[in-house]
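This report looks at a few strands, a helix and the cysteines of one chain. Please keep the sequence and the 3D view open while reading.

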Amino acid sequence: MPDSAFVTGATGFVGLNLIEALVREGWEVTAMHRRGSELKYLRRMAARRVEGDVVDAASVRAAMPARVDVVFHVAGDTSLWSGQDAAQDRVNVLGTRNVVEAALAHGARRFVHTSTVSVYGLQPGRIDERSPQRGAESPINYQRSKLKAEAEVRAGMARGLDAVFLNPAGILGRYDTRNYARLFRLIAERRLPGVPGGARSFCDARAVADAHVAAAARGRSGENYLLAGTDASLLELVREIGAALGRPVPPRPTPAWLLRALGMAGALRGRLTGRAPDLTPEIVRLATTTIFFDCAKAVRELGFRVVPLRDMVLDCAAWMAAEGLLPGVESVASRP
């Protein structure tokens, strides 16, 4: 019999890449999504779709199969706007608690938790799994809430849960419609106002999905695995996107003071309109920070693949163009 998987966040960027990888490997997949979610891409995959919401404990218990082999908890709120902090805590903290409780109740064999490098906070230098997790000290709620989510999983481990933690860096690739996809759209539409001066580590969406599957089989219980690999400045990323789309991009970074002013203006508009702005103080803080992550442990223990920045950009751009998500760009040649 093939292994069985229960996946939260099934219509999201990482969730779709993961389900695609699981189905390819012959897993029986139960994919949980919220009522009203866009199912366009999930419908293309051979997974059993069930409704549920991580903030509703009863719905998670009803959706999760009994004695499932592996729970992949991927669902999360990645907002970088303080106006959504309370809702973000409900999803990331309470939602994780609910999924952990359901996994314990249903006797799940293993729990693979999709965390983030953001739990390490904004500390300088090169980070690996031995570095202190300083997300609790961060002014950015996403970082604080994801660290609290890890604590919920560890509380479950104290009650017998067998869990592994994956911490991706900046993810690029197919099925992205909300994260770095916004940057691709701005460049395609020639509306990119500037480029922050920060730098970070990037990872490939398909490599992240494969690492999840590997973690289910051979990740060490209780261990964190950083998924990163390719370090680049945001200016280098923007240049690669511009080259892939055939669009001009700014030649140099935008001064940090100007970005901070624009971020404050965005936050004010958000308070007035109730809608998440394109630029917030939290986005500016992250985008002007330089922080790199070492993924040697994931490479060694999970076979994690480090992918060149250009290949990641081409994958994302080609997929977005094929799906009609890049105005004025009909097609992009994907990587070989």
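Two strands are said to pair if DSSP finds at least two bridges between them. In this predicted model, strand E7 (residues 163-168) and strand E10 pair in the parallel sense over 4 bridges, and in E10 it is Leu-226 that serves as the bridge partner of Asn-167. Strand E10 (residues 224-227) is covered on both faces, since Asn-224 and Leu-226 on one side and Tyr-225 and Leu-227 on the other are all buried.

Helix H7 (residues 234-245) has 12 residues and reaches 16 Å from its first C-alpha to its last, close to the 16 Å expected at 1.5 Å a residue. Because 9 of the 12 residues of H7 are buried, this helix is largely enclosed by the rest of the structure; among the buried ones are Leu-234, Val-238, Glu-240 and Leu-245. The buried residues of H7 pack against several elements, including strand E8 (170-172), helix H5 (181-188) and helix H11 (309-322). Just after H7, Gly-246 takes a positive phi of about 70°.

How many disulfides does the model contain? The count comes to 0 disulfides, and the table sets out the values for two cysteines.

| Cysteine | Closest cysteine sulfur | Relative accessible area |
|---|---|---|
| Cys-203 | Cys-295, 8.6 Å | 1%, buried |
| Cys-295 | Cys-203, 8.6 Å | 7%, buried |

A disulfide requires two cysteine sulfur atoms within 2.5 Å. The sulfur of Cys-203 is 8.6 Å from that of Cys-295, its closest cysteine sulfur, and therefore too far for a bond.

Terms used. Residues are numbered from 1 along each chain as its sequence is written. This is a predicted model: local features need pLDDT of at least 70, side-chain atom pairs count only at pLDDT 80 or more; totals for chains, interfaces and linings use all residues. Side-chain values use heavy atoms; hydrogens and water are left out. Buried means under 20% relative accessible area, exposed over 50%, partly exposed in between (1.4 Å probe, protein chains only). Helices (H or I, at least four residues) and strands (E, at least two) are DSSP runs, numbered from the N terminus. The expected span of a helix is 1.5 Å times one less than its number of residues. Contact means heavy atoms within 4.5 Å.
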